Number of protein chains: 2
Amino acid sequence: MSGRRFDVTAIGNAIVDVIAAADDALLVTHGLRKDAMSLIDAAAAERLYGIMGPGREMSGGSAANTVAGIAALGGRAAYIGKVADDQLGDVFMHDIRAIGVTCDTPPLTEGLSTARCLIFVTPDAHRTMQTFLGATTQLGPEDVNMDYITASRVVYLEGYLWDQPRAKKAMRDAAVRAQAAGVKVSLTLSDAFCVDRFREEFLDLVQHHVDILFANETEILSLYQAATFDEALQRVRPHCEVAALTRSERGSVVLSGEEVHVIDAVPGVDVVDTTGAGDAYAAGFLYAYTRGCDPATCGRLGGVMAAEVIGHYGARPEADVKALAAEVLSGRTTRGGPSR
Amino acid sequence: MSGRRFDVTAIGNAIVDVIAAADDALLVTHGLRKDAMSLIDAAAAERLYGIMGPGREMSGGSAANTVAGIAALGGRAAYIGKVADDQLGDVFMHDIRAIGVTCDTPPLTEGLSTARCLIFVTPDAHRTMQTFLGATTQLGPEDVNMDYITASRVVYLEGYLWDQPRAKKAMRDAAVRAQAAGVKVSLTLSDAFCVDRFREEFLDLVQHHVDILFANETEILSLYQAATFDEALQRVRPHCEVAALTRSERGSVVLSGEEVHVIDAVPGVDVVDTTGAGDAYAAGFLYAYTRGCDPATCGRLGGVMAAEVIGHYGARPEADVKALAAEVLSGRTTRGGPSR
């Protein structure tokens, strides 16, 4: 895998999180479903942003969080995602480039504005999320820079995109081109409801185009309509070269050919906010994977990255993750895989 | 495996549990280490029994609990274990035969009395255990009825016996004879400290004589001096035909050739007393195994049996476990392997 320009190129929904404090009365007044993530249209996004208190903007988006994590670890990453030519678009592009990710997807110049997720944080630390997809719905095959795809070790695809027909085409094209160029194709299932809507297509994708699958427990159960985790585990084994199944406090199970690894979660983490845990796991896993690490080490670094992200607000790492990775990759620690 | 007289013949320490209520002051007065299991001599056993309140005798012993569980499930089992020709010996032999287990090891007629475990239950429901091994230390090769061994599908050996040189010889003889007769040899590691004392011998046994290994997490970590569960898992995989690794509330991991199954614990169990959980797991597992069930089903029935036993005081099942087994074996339930 030497000589490739990028470790990972990702394709995903480019979203800016807008985080502000709010009291419960505000949620009630504006009919916001507490603790939930709801999709909203442009008018609602403008209106709700108007009633929001002073906020903090943080670039988000699942696959974008993953490549940000890979870059934070010292990996080389590119990102393909659609913002609009507006201020939040500028924020998104600034942040992802500032961390060292190559990103030059042309912004949308008319029509929809940049996707944003308005996050109302109540005094109990719960989050109520209102997502406007905006410009990201316009991502299409023409946005996929095939030079990046073929110059990567791994292409990482976000399942959320499957809801948009043109984005779906973009992902399929990228997967086919990657396979032809000997680039590993990686997919995160993203969301159990999304899997439910497109089960047959995802199954086909997983069986025929995906080398490295990421899924959490509800997603993999949904994919195979399995009653138990073990049943889903047995089903997915022959379908992918590598599968990393995350289980929250139960850690993860990593499948790789004949190998099966049961990786315990990092113990003793004071969980503040689980948003981005799966994205961070994928970052750690793929960083280790593209360095030729064995599957257990990939899973351990995934677990360590997830633990870092859930220990604070925000979906991107804040600690010195290079130091954490050095510990895991050198075998100096069993973080991410200790038993009790 | 048809035509064998017994599904399982077990060899273990034949112990009667004596359970009585006690207050904390009594523990302090007599210097009993609360919550611990301590080995005591005959004089201490007599003295402590004298100060015990009115008690309830229940046959115990790890492997004996397992064959009792197999018999409760409807399996055919034999037990080889040494009691003395005294009243507690009568209790032990009565109970194990009453549940349908074949047991005719000649009792010790002079010297040591029947092994007992004095269990002081304080008002907080904690147990303080004082174990006198007595007659069971005299189990020797002459007690192993080789006709039972060769007439079984599986021989089940209790690691605790390894502390006694003659019992160790008895186990080794049984294992060698079983192998020659095409009988599967199964071992439970029993105790991490015991594993620590005889690591090399256990490793040799596991690699060369054991087909089906049972171990909890601390035991398997001790056997391989592994830092993580996954490390121990990878080490044991090539050593045994089948290994069932139990992890308390994390369920179990079952290895069988190329297969690896991650079986979740039965959820929602109100844990009263975990004594005998591993014994009951082995009972469920071996009952299913000797009926030709696949490894995942064996692990699920193990989990269901463990859940039954930890839901009440006492190490042997009380519920209608035949009905539970019928559910698991028919696939009508995912009990023992449900996801959340």
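Below are questions and answers on a predicted model, covering strand E10(A) and the contact of chains A and B.

User: Is strand E10 of chain A largely enclosed or open, going by its residues?
Analyst: Strand E10 of chain A spans residues 212-216. A residue counts as buried if 20 or more other C-beta atoms lie within 10 Å of its own. Five of the five residues of E10(A) are buried, so the rest of the structure leaves this strand largely enclosed.

User: Which residues point the other way from Ile212(A), Phe214(A) and Asn216(A) in E10(A)?
Analyst: Ile212(A), Phe214(A) and Asn216(A) point one way, and they are buried. The residues facing the other way are buried too. They are Leu213(A) and Ala215(A).

User: How many bridges join E10(A) to strand E11 of chain A?
Analyst: E11(A) covers residues 242-246 and runs parallel to E10(A). Within this pair, Ala215(A) stands opposite Leu245(A). The number of bridges is five.

User: Which residue of E10(A) stands opposite Thr188(A)?
Analyst: Strand E9 of chain A, residues 184-188, runs parallel to E10(A). Three bridges join the two strands. Opposite Thr188(A) stands Phe214(A).

User: Which element gives the most to the side of chain B that touches chain A?
Analyst: The contact takes 20 residues from chain B and 20 residues from chain A. On the chain B side, helix H9, helix H10 and strand E13 each supply at least two residues. The one that gives the most, with four residues, is E13(B).

User: How many nonpolar residues has the side of chain B that touches chain A?
Analyst: Sort that side by class. Five residues are polar and five are charged. The nonpolar residues number 10.

Definitions and conventions:
Residues are numbered from 1 along each chain as its sequence is written. Chains are lettered from A and ligands numbered from 1 in the order in which they are written. This is a predicted model: local features need pLDDT of at least 70, side-chain atom pairs count only at pLDDT 80 or more; totals for chains, interfaces and linings use all residues. A residue is buried if 20 or more other C-beta atoms lie within 10 Å of its own, exposed if 12 or fewer, and partly exposed in between; C-beta atoms are placed from the backbone. Two strands pair if DSSP finds at least two bridges between them. Two residues are in contact if their C-beta atoms, placed from the backbone, lie within 7 Å. Ala, Val, Leu, Ile, Met, Phe, Trp, Tyr, Cys and Pro count as nonpolar, Asp, Glu, Lys and Arg as charged, and the others, Gly among them, as polar.
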